[in-house]
Structure formats: C-alpha cells, structure tokens
Amino acid sequence: QAQLVESGGGLVQAGGSLRLSCAASGRPFSGYPRGWFRQAPGNQREFVAGIGSRSGSTYYADSVKGRFTISRDNAKNTLYLQMISLKPEDTAVYYCAATNLYSPATYAYAAPSTYVCWGQGTQVTVSS
C-alpha cells in the first residue's frame, strides 16, 4: 500500500528557511507528478507547488513564487520543498501528494482531486 511521509517541518523565524522532504514507500510513485499543499487553521487546503513526471515542469502558487522550490529525486522516490524568506503567513500544515496521472493538465496540478495519495502532514510555524 502506498504511503507518503513528510518530514522537515518546525519552528522558524520570519526570513528563515526550511526544507521539507516527502518519502514514498509501498506502491511507487517514482516518476509520477507530485505536489505540495498546505492548510492553515480555519482555511481550505491550498496548492503550494507541483512538479511533473520528469522534473522538467514545475508550478507554483503566486504567494510562494521566488521563495519556494520544488524538486524530486526519483532514485530515492523523494520529493522536496525548499522554502526561503519564510513569512508568518506561510504557517500551516504542509502535505505532499501523489497522482496516478502521468501527464495531468497544467491547471490540474493545483486541484486536490488530482491526487490519490496524501501524506500525514508536517507543521511549519513561522514566528514574526
């Protein structure tokens, strides 16, 4: 059974950096598109970043462009999210997700319904 496990969250001051990781086990998602989402208390889950099957295509929410970088290591079946210049409004639980669609449409990366497997989430807290 497929499983995604996030790590790397924590407490950081505004302007700081964190690197999230998401390791996949079970049914492999190596090579399939992956995404990062986040959810703050009282808010809906929102798209953060997505990456295509061959890492050639990346997609970002406007709120994180220029600050966050999504990447993947297919050999390790691991997804990453490098976050710099963190802001208090980045505080949320961050989730990684995997889809079984090898080539989803660009708009689909931002839709939670595109993804069939989710991690348990990792808390990121940015203090002001």
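## Strand β9 and its partners

Strands β4 (residues 34-39) and β9 run antiparallel and are joined by six bridges. Within this pairing, Phe 37 has Tyr 95 of β9 as its bridge partner. The model is a predicted one.

β9 also pairs with β11 (residues 122-127). These two strands run antiparallel, with three bridges between them. Here Val 93 stands opposite Gln 123 of β11. A further antiparallel pairing links β9 to β10 (residues 117-118), through two bridges. Ala 97 has Trp 118 of β10 as its bridge partner. Strand β9 is mostly covered, with six of its seven residues buried.

## The disulfide

The whole structure holds one disulfide. Cys 22 and Cys 96 form it, with their sulfur atoms 1.9 Å apart. A disulfide is a covalent bond between the sulfur atoms of two cysteines. The link of Cys 22 and Cys 96 is right-handed, with 50° about the S-S bond. It ties together distant parts of the chain: Cys 22 lies in β3 (residues 18-25) and Cys 96 in β9 (residues 92-98), 74 residues apart. Both Cys 22 and Cys 96 are buried.

## Cys 117

Cys 117 takes part in no disulfide. Its nearest cysteine sulfur belongs to Cys 96 and is 7.8 Å away. The cut-off for a disulfide is a sulfur pair within 2.5 Å, so that 7.8 Å separation does not qualify.

Is Cys 117 buried or exposed? Its relative accessibility is 11%, so Cys 117 counts as buried. The limit for buried is under 20%.

## The four-stranded sheet

Four strands form an open sheet in the order β1-β3-β8-β7, and their pairing is antiparallel. β1 (3-7) and β7 (68-73) stand at the edges. Each has a single partner strand, so one side of each is left without a neighbour in the sheet. From one strand to the next, the twist averages 15°. In general, strands of a sheet pair through backbone hydrogen bonds, either parallel or antiparallel.

At one edge, β7 pairs with β8 (residues 78-83). The sense is antiparallel, and the pairing extends over six bridges. Thr 69 stands opposite Gln 82 of β8.

## Where the elements meet

β3 has a place in the four-stranded sheet and carries Cys 22. β9 carries Cys 96 and pairs with β4, β11 and β10. The disulfide of Cys 22 and Cys 96 therefore links a strand of the open sheet to β9.

Note on methods:
Residues are numbered from 1 along each chain as its sequence is written. This is a predicted model: local features need pLDDT of at least 70, side-chain atom pairs count only at pLDDT 80 or more; totals for chains, interfaces and linings use all residues. Side-chain values use heavy atoms; hydrogens and water are left out. Two strands pair if DSSP finds at least two bridges between them. Axes are lines fitted to C-alpha atoms, for helices over the stretch in contact, and angles run from 0 to 180 degrees between N-to-C directions. Buried means under 20% relative accessible area, exposed over 50%, partly exposed in between (1.4 Å probe, protein chains only).
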